[in-house]
Each structure stands twice: as structure tokens, then as C-alpha cells.
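Please open the model in a viewer and keep the sequence panel beside it. The tour below goes stop by stop, saying what to select and what is there.

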Amino acid sequence: MSNEKIEFGVFDHLDRTGASLADYYEDRLKIAEVYDRAGFYGYHLAEHHATPLGMAPSPNVFLAALAQRTRRLRFGPMVFVLPLYHPLRLIEEICMLDQMSGGRLEIGFGRGASLIELAIYGEDPAAAQEIYSESLDLILKGLTQKRLDFHGKHFSFDDVPMALEPLQKPYPPIWYGVHAPDSAERAAKRNLHVVSLDPPGDTRLSIERYRATWRPPQPGAVLPKLGLGRFIVVGETDAQALRLARRAYPVWHQSFTYLFRLRGQAQSHPRPADFDALMERGQGIAGAPATVTDFLNRQLVETQCNYVVGQYAFGDLTREECVHSIGLFVSEVMPAVHAGNAGALAAARQI
């Protein structure tokens with residue numbers, strides 16, 4: 001198998017920090033401009049509600065602003081929580097964003113990682129998977145047809161004019177978050193891009209299943225992006241980067257656990273409370289460029305992923321701290337990861 005190109009993207013919870021929301025949004029948009037100039041492939045934004053974990057409860061509003069502040073960076077939700085959307089409105093907004101950005105939109109769909117958030121909106125968590133599946137079929141149909149007819153358990157439409165259409169045909173690239181081999185297999189059969197935030201051993205099981213299942217939809221088709229999501233902080237030295245990560249990560253973790261602590265419920269995908277424990281699980285790294293490069297090179301070979309999705313802005317990291325870390329990553333880590341993985345993915349699969 002020919003060598004695969006390693007690409008780089010961004011995952012952002014848009015978790016709250018600071019006193020002023022206006023300043024916070026402006027800082028995040030300025031950081032997005034840095035991603036754009038640096039040549040990152042894509043910016044993937046989480047959707048959360050009623051929690052400081054997510055200050056973009058309407059991802060499309062923030063992404064519309066981001067589209068106007070960037071020129072090359074692709075972007076999209078990771079993921080739209082489909083039980084909280086009317087599918088016709090979401091079809092229209094997807095078309096608008098894709099057209100307004102010159103075809104840079106990438107779309108992710110899911111049932112929602114937090115059942116508490118669904119319940120806050122009055123949705124039945126037990127019906128979430130069923131609604132998600134039906135909504136997804138409806139949305140993809142609506143993005144490709146001039147008139148929409150659809151009859152399901154939850155939605156039914158007759159002869160609805162589709163006045164808008166996406167710029168990308170048949171529709172923007174689709175992403176899916178994987179947490180198990182079965183979900184990876186479903187994504188592979190649909191030719192979807194995927195991201196895993198799990199520890200390396202679990203991620204490898206998912207990606208192995210994906211690669212074993214995926215079949216090119218047509219001759220010459222390129223393997224979709226297989227994303228490795230990790231917290232990343234780069235400093236001049238290991239000690240400097242670790243100081244930042246150890247300070248900022250617990251702030252993020254308080255937001256991450258906020259609703260579950262408030263409601264006294266357990267999380268389905270918990271994370272360690274401190275950054276050192278996160279690093280021990282292989283889900284984050286803070287260090288000098290050489291340390292971060294070594295971490296990513298090892299994990300890319302182990303997991304067989306081909307797309308690094310870094311979470312660079314989190315907790316109480318300031319804009320200046322984020323920009324410095326991202327700058328070191330772009331200038332020193334990116335080129336070294338490219339060089340270190342030349343042929344490594346193909347060799348790993350032949351062992």
C-alpha cells in the first residue's frame with residue numbers, strides 16, 4: 001500500500017474561560033485565523049448545551065463567523081446533535097454555510113454524547129438513536145433532491161421544495177465519532193471520515209476494523225481521514241509545557257464534568273481529573289517539540305490513524321499561550337511528524 005499523507009486538524013469544545021464572553025469569542029476567532037494561516041486541514045467544533053463545556057450551543061452561528069475570518073481552513077460540527085434539530089432547518093443551514101464558505105464545510109452527525117442535555121430540551125434519551133438514524137437519512141436525501149418526500153416514524157414530508165443546495169456535491173464530507181469497532185465498521189461501510197478520542201489501544205481496535213471493512217467506493221478513491229484526537233500543548237521545554245497543561249486542564253475538566261456533577265450522574269466516557277493521568281492514558285501530551293513529535297509518531301503507528309486532531313485551546317489557556325504553542329507545533333512538530341511517518345503506516349500494517 002502506498003504511503004499515506006499525515007494531515008492535521010483541530011478539535012474544540014469551545015469551553016468557557018474568562019469573564020467576558022464577547023472577548024472570549026473574539027479570542028477563539030483570532031486563534032482560528034492562526035489555524036487558517038498555518039495550513040491546518042479542518043476545525044471540528046463540539047456541540048453542547050446548558051454547560052460551560054460548550055459556548056457554541058448553535059455551532060452554525062459560530063462557524064458562520066469563522067467562515068468569514070478564514071480563507072482555506074475547512075470546518076464543521078463534531079457533531080450536530082440531531083435529536084435537537086428540525087431536519088428541514090438543518091438542511092437549509094448546511095446549504096447556507098457551504099455556499100457562504102466557498103465549499104469548506106464538513107458535517108458530522110450524532111445522537112448526542114450527553115443524555116442530560118437531551119433531557120434538558122425535553123427529548124427522550126431512549127429515542128435518541130432512532131431519531132438520529134431517521135434524521136440522517138432525511139437530511140442526506142434533502143441535500144440531494146429538488147423536492148423532498150419522506151415518510152418515517154418521527155418525520156413526514158410531502159413535496160417540499162428544496163430552495164437551497166450545497167456547493168459541494170452531492171453534499172459536504174461527513175464525519176463520525178467512533179468509540180468502538182462496531183461503530184467504526186458502520187462508518188467504513190458509508191465511507192465516512194472518523195475521529196477517535198479514546199486511548200491508543202481502543203483507538204487501534206476501531207481503526208483496524210475500519211481499515212478491514214472499508215472498500216473504495218470507486219477506483220482510485222482515497223481512504224477517508226482516520227482521526228486521532230489528543231490534547232496538545234507545546235512549549236520551549238517539557239517543564240514549561242507541562243506547567244501550562246497542568247494549570248489549564250483541570251479548568252477544562254470542571255466544565256467537562258459540570259452537568260454530570262450537577263445531576264449526580266456518571267459519564268459514559270470519563271476523563272482523568274489531572275493532565276498527568278491523561279498522559280498516562282495516552283490521550284494528551286505536553287512537552288517540547290521533540291517530546292510531542294515522538295508521542296504523535298508512536299501513536300500514529302500504533303493506532304494506524306492518518307489525521308492528527310489536536311485540542312490546542314482549552315481550560316484557562318490565554319490566546320497568547322495558545323498561539324505560542326500552536327506556532328511551535330506548526331514550525332517544529334508538523335514537519336517532524338511528516339518525516340517520522342514516511343512509510344511507517346504501511347510497514348505497521350504488514351507486521
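Is Asn191 buried, exposed or partly exposed? Asn191 counts as partly exposed, at 31% relative accessibility; buried means under 20% relative accessible area, exposed over 50%, and partly exposed in between, with a 1.4 Å probe and protein chains only.

Before going on, note that this is a predicted model, in which local features need pLDDT of at least 70, side-chain atom pairs count only at pLDDT 80 or more, and totals for chains, interfaces and linings use all residues. Residues are numbered from 1 along each chain as its sequence is written, and side-chain values use heavy atoms, with hydrogens and water left out.

**Backbone stops**

Stay on Asn191, in the loop between helix H6 (181–189) and strand E9 (193–196). Helices (H or I, at least four residues) and strands (E, at least two) are DSSP runs, numbered from the N terminus. Asn191 is not a glycine, yet its phi is positive, about 65°.

Select Asp159 next, in strand E7. Its phi is near 50°, again a positive value in a residue other than glycine. Asp159 is partly exposed, with a relative accessible area of 43%.

Then look at two peptide bonds. The bond from Lys169 to Pro170 is cis, with omega near 0°; Pro170 is in the loop between strand E7 (156–161) and strand E8 (174–177). The bond from Met78 to Val79 is also cis, and its omega is near 15°. Val79 belongs to the loop between strand E3 (74–77) and strand E4 (80–81).

**Aromatic stops**

The structure holds 20 aromatic pairs. Rings of Phe, Tyr and Trp (its six-membered ring) pair if their centres lie within 6.5 Å; planes under 30 degrees apart count as stacked, over 60 as edge-to-face and the rest as tilted.

Select Phe8 and Phe329, an edge-to-face pair with 5.7 Å centre to centre and 80° between the planes. Phe8 lies in strand E1 (residues 7–12) and Phe329 in helix H11 (residues 319–340), so the pair ties together parts that are 321 residues apart in sequence. Phe8 is buried, at 4% relative accessible area, and Phe329 is buried at 0%.

Tyr41 and Tyr307 make another edge-to-face pair, 5.9 Å centre to centre with 90° between the planes. Tyr41 is in the loop between helix H1 (21–38) and strand E2 (42–45), while Tyr307 is in strand E12, 266 residues apart. Both Tyr41 and Tyr307 are buried.

Now return to Phe8 and Phe329 and widen the selection: they belong to one aromatic cluster with Tyr24, Tyr25, Tyr35, Phe40, Tyr43, Phe62 and Tyr312.

Which residue lies over the face of Tyr41? Lys225 does, at 4.0 Å from the ring centre. A charge sits over a ring if NZ of Lys or CZ of Arg is within 6 Å of the ring centre and within 35 degrees of the ring normal. For a second case, select Arg271, whose charged end sits over the ring of Phe256, 5.8 Å from its centre.

**Empty space**

Arg271 also helps to line the largest cavity, as do Phe11, Leu197, Gly229, Arg230, Phe231, Gln283, Val309 and Gln311. On a 1 Å grid over the protein atoms alone, a cavity is a set of points where a 1.4 Å probe fits but cannot get out, and a pocket is an open set with protein on both sides within 12 Å along at least five of seven lines; lining residues have an atom within 4 Å of a point. Grid points are joined across faces, edges and corners, and a volume is the space filled by probe spheres set on the points.

There are 3 cavities of 30 Å³ or more, and the largest holds about 50 Å³ of space. Strand E10 (226–234) and strand E12 (307–311) each give two or more residues to its lining, with E10 giving the most, 3 residues.

Finish at the largest pocket, with about 1200 Å³ of space. Select Gly112, Ala113, Ser114, His179 and His269, which lie nearest its centre among 49 lining residues. Helix H8 (238–263) is one of the elements that give two or more residues to this lining; the largest share, 6 residues, comes from H8.
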